[in-house]
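Colleague: Thanks for sitting down with me. Could you walk me through this one from the beginning?

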Amino acid sequence: MSEAPDDRSTRFTRWWVCRYTSGLGLGQVAMRRAEIDSDLAEHRRAREIDGWTPTQIARERRKRLVRGMAADVGWRHDLLRPHTRRVWHVAITSLTGLASFFLAAFHFAFAAFLLGSTSVADQRFLGGLAGYEEEVGRPIASPVAATVVALLGVVLVFAALARPISPVVANIATIGIAAWAVLWFWLGMWLIGLVVIVGSTADLITRMPVTTPRQ
Amino acid sequence: MPRRRPGSLLPLEVSILSACLDAGEAGSHGFALARAIADAGDTRELTATGTLYRALHRLDEAGLVENWWEDPDRAAEAGRPRRRCYRITGAGTTALANARAEAPDTDALTGLDSGFAT
């Protein structure tokens, strides 16, 4: 016997609720899931009284769900915002971000001393990667590996916007980006500076109050 | 989407507060509020789930509504899950009155999916 349309839409709704509540506090998760379950039940009851078919009920339920998905993610962000701001502070933002920037710059300088290939890598980026191995005397894998590490670092930094991550991990991500900057000197410094500016601006904007304070 | 002025209410929030005010002391649950908003706007389209509950969460955080969970025995007798009910507070009544005074036609805006509201 095939599943009823409204049962499928119920399962889909519950699956989505599980996705956007994952990682939140147990109390918040339980309350949200219970509230949505209640909404589903009330919706079905009301539409059955109105004479709707299961297919019609399922269609409306899906429409309500899909139209509100962005708001669901926004609700999750509302709950996580205080935590992500702290991590964002540690990673790249405002005055604290400047300290992180100098930390990244220190690591960049240290790695530059060790590797000693910044200007050559810069030329390789501008002129293509041909002849890199011959000129530098090092396999092409090293700047490629550094690029992969830096990309992972960028992903970690942006993941901090969605859920809390350890400040240590956030700073390791910053170091990974700085290590990449060693081999792609000017491009890396420009990108790090851009991220600091964008992060600081975003942090200042998100400090603005948006709701009526309690009276 | 432009950031709204601090202390102002979105049209959906005005609609929710209006529906809560009409429900009185007994309060109302989320789906009933969605229906009331649709009926007030003379439309069949209900407010999106995520939009509605995010707005309710923000109104609750701001102290404009209060919420409580229904008595589980009552829900069990009715054979349905427990309802989470909402009731407008004094601050909410004041905020609603101010919003109506500033923009008399806001109650006409219903079913808005302000998923990107900030």
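Modeller: Happy to! One cut-off first: buried means under 20% relative accessible area, exposed means over 50%, and partly exposed lies in between. Please keep in mind that this is a predicted model.

Colleague: Good to know. Is A:Leu40 buried or exposed?

Modeller: The residue sits in helix α2 of chain A, which covers residues 26-49. Its relative accessibility is 7%, and the cut-off for burial is under 20%. Therefore A:Leu40 counts as buried.

Colleague: Which residues is A:Leu40 in contact with, leaving aside its neighbours within four places in sequence?

Modeller: Contact here means heavy atoms within 4.5 Å. With those sequence neighbours set aside, the partners of A:Leu40 are A:Thr10, A:Thr13 and A:Arg61.

Colleague: And what separates the C-alpha atoms of A:Leu40 and A:Ser9?

Modeller: Along the chain, A:Ser9 and A:Leu40 are 31 residues apart. In space, their C-alpha atoms are separated by 9.5 Å.

Colleague: Let's turn to the surface. Which element gives the largest share of the positive patch?

Modeller: The patch of positive charge gathers A:Arg8, A:Arg59, A:Arg62, A:Lys63 and B:Arg44. One of these, A:Lys63, is found in helix α3 of chain A. With three residues, the largest share comes from that element, residues 54-67 of chain A: helix α3.

Colleague: Why can A:Lys63 belong to a surface patch?

Modeller: Patch members need over 30% relative accessible area and no salt bridge. A:Lys63 is partly exposed, so it clears the area requirement, with a relative accessible area of 43%.

Colleague: What about nonpolar side chains: how much accessible area does the nonpolar patch have together?

Modeller: This patch is formed by A:Phe12, A:Trp15 and A:Val66. A:Val66 lies in helix α3 of chain A and is partly exposed, at 49% relative accessible area. Together, the three residues of the patch have an accessible area of about 280 Å².

Colleague: Now chain B. In what order do its elements run?

Modeller: Chain B has five helices and three strands. Starting at the N terminus, their order is α-β-α-α-β-α-β-α.

Colleague: And for contacts in chain B with a separation of 6 or more, what percentage comes from residues 24 or more positions apart?

Modeller: For some background, chain B has 118 residues, of which 53% count as buried. The chain exposes about 5500 Å², with carbon and sulfur atoms supplying 49% of that area. As for those contacts, the portion from residues 24 or more positions apart is 64%.

Key
Residues numbered from 1 in each chain as written. Chains lettered and ligands numbered in written order. Predicted model: local features only at pLDDT ≥ 70, side-chain atom pairs only at ≥ 80, totals over all residues. Heavy atoms only, no water. Patch = residues over 30% accessible without salt bridge, like charges linked within 9 Å, V, L, I, M, F, W, Y side chains within 5 Å. Areas by Shrake-Rupley, 256 points an atom, 1.4 Å probe, with all protein chains shown as cover. Salt bridge = Lys/Arg side-chain N within 4 Å of Asp/Glu carboxyl O. Lys, Arg positive; Asp, Glu negative; His and termini not counted. Charge placed at Lys NZ, Arg CZ, Asp CG, Glu CD. Helix = DSSP H or I, 4+ residues; strand = E, 2+ residues; numbered from the N terminus. Buried < 20%, exposed > 50% of the residue type's maximum accessible area, 1.4 Å probe, protein only.
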